[in-house]
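Subject: A structure for you to explore

Hi there,

Here is the structure I promised to pass on to you. Please open it and turn it around a little before you read my notes.

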Amino acid sequence: MFYVVYNKSGKIYLKNKMTIPNVCHFTFFRGKNNWVWRDIHTLCLWTAKHNAKFEKLIIHYDTSGEGQAWDLATSIDGIEWRKTSYLGEVNGFPVTDQRLPADVNRLKTLINEGGFYSDLDFLFLKDFRNLL
């Protein structure tokens, strides 16, 4: 399958269409603010698995959560939990907010592995396979 691409001079050429892997990535960086894993995060994972029908869900996290919602989330079959080191600095600048390392991790992951990214407060209502 091909799709049309326009270059800077306006010429049209065809490029092979790449397949998007049926994988969804999430990040949960607690950082210095020690953010809490909530019920909505667990519900997000459940809807991603059962409604969106992703083949694989991958959670990139810096520190394990705690509590009933975390325990329930980690008991869901078919989810890969990847512990990722928290970046103390980016390009030599100190990081004071965990959102920046999460953004860097998200970008690197999508470039290297492909797939989809979602925030953990998103609820999936429909099957995503038709988007692949």
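Below is what was found in it, going from the whole chain to a few residues.

Please keep in mind from the start that this is a predicted model.

**The whole chain**

Let's begin with the layout. The protein is built from three helices and eight strands. If you walk along the sequence, they come in the order β-β-β-α-β-α-β-β-β-α-β. There are 132 residues, and 35% of them count as buried. You can also ask how far apart in sequence the touching residues are. Among contacts with a separation of 6 or more, 63% are between residues 24 or more positions apart.

**The nonpolar core**

In soluble globular proteins, nonpolar side chains tend to be buried together. In this model, the largest nonpolar core holds 21 residues, and F26, W37, L45, F54 and F124 have the most contacts inside it. Strand β3, helix α1 (39-50), strand β4 and helix α2 (68-74) each supply at least two residues of this core.

F26 is a good residue to click on. Beyond its neighbours within four places in sequence, F26 is in contact with a long list of residues, including C44, L45 and A48, and also L57, I58, I59 and H60. Further along the chain, Y117, S118, D119, L120 and F124 are on the list of F26 contacts too.

**Two histidines side by side**

Next, have a look at H25 and H60. H25 belongs to strand β3, while H60 is part of strand β4, which covers residues 56-61. Are they buried or exposed? H60 has a relative accessibility of 3%, so it counts as buried. H25 is buried too, since its relative accessible area is 2%.

The side chains of H25 and H60 are joined by a polar contact of 3.0 Å. H25 has another polar neighbour: a polar atom of its side chain lies 3.1 Å from the backbone oxygen of G114. How far is H25 from F116, C-alpha to C-alpha? The two are 91 residues apart along the chain, yet their C-alpha atoms are separated by 6.1 Å.

Leaving out residues up to four places away in sequence, H25 touches I58, H60, T109, L110, E113, G114, F116, Y117 and S118. With neighbours within four places in sequence again set aside, the contacts of H60 include H25, F26, T27, F28 and F29, as well as R82 and T84. N105 and T109 are in contact with H60 as well.

**C24, I58 and S118**

These three residues are worth a look in the same view. C24 sits in strand β3, I58 lies in strand β4, and S118 is in the segment after β8 (116-117). C24 has a relative accessible area of 1% and is therefore buried. The value for I58 is 1%, so I58 is buried. S118 counts as buried because its relative accessibility is 7%.

Apart from neighbours within four places in sequence, C24 is in contact with F54, K56, L57, I58, F116, Y117, S118 and F124. C24 and A48 are 24 residues apart in sequence, and their C-alpha atoms are 8.0 Å apart in space.

On the same basis, I58 is in contact with V23, C24, H25, F26, E80, R82 and E113. You can also check I58 against I79: they are 21 residues apart along the chain, with C-alpha atoms separated by 5.9 Å. S118 is in contact with C24, H25, F26 and F124, once its neighbours within four places in sequence are left aside.

**The largest pocket**

Finally, look for the largest pocket, which holds about 310 Å³ of space. It is lined by 16 residues, and T27, W35, Y117, D119 and L120 lie nearest its centre. The elements giving two or more residues to this lining are β3 (23-28) and α3 (99-113). Which element gives the most to the lining? That is α3, with four residues. Sorted by class, the lining has seven nonpolar, three polar and six charged residues.

A nice way to start is to colour strand β3, the home of both C24 and H25, and follow the contacts from there.

Enjoy exploring, and write back with any questions!

Best wishes

How values were computed. Residues numbered from 1 in each chain as written. Predicted model: local features only at pLDDT ≥ 70, side-chain atom pairs only at ≥ 80, totals over all residues. Heavy atoms only, no water. Buried < 20%, exposed > 50% of the residue type's maximum accessible area, 1.4 Å probe, protein only. Polar contact = N/O pair within 3.5 Å; in protein donor to acceptor, adjacent residues only side chain to side chain. Contact = heavy atoms within 4.5 Å. 1 Å grid on protein atoms, 1.4 Å probe; cavity = no way out; pocket = protein on both sides within 12 Å on 5 of 7 lines; lining within 4 Å. Points joined across faces, edges and corners; volume = space filled by probe spheres on them. Nonpolar A, V, L, I, M, F, W, Y, C, P; charged D, E, K, R; others polar. Core = buried A, V, L, I, M, F, W, Y, C linked by side-chain atoms within 4.5 Å.
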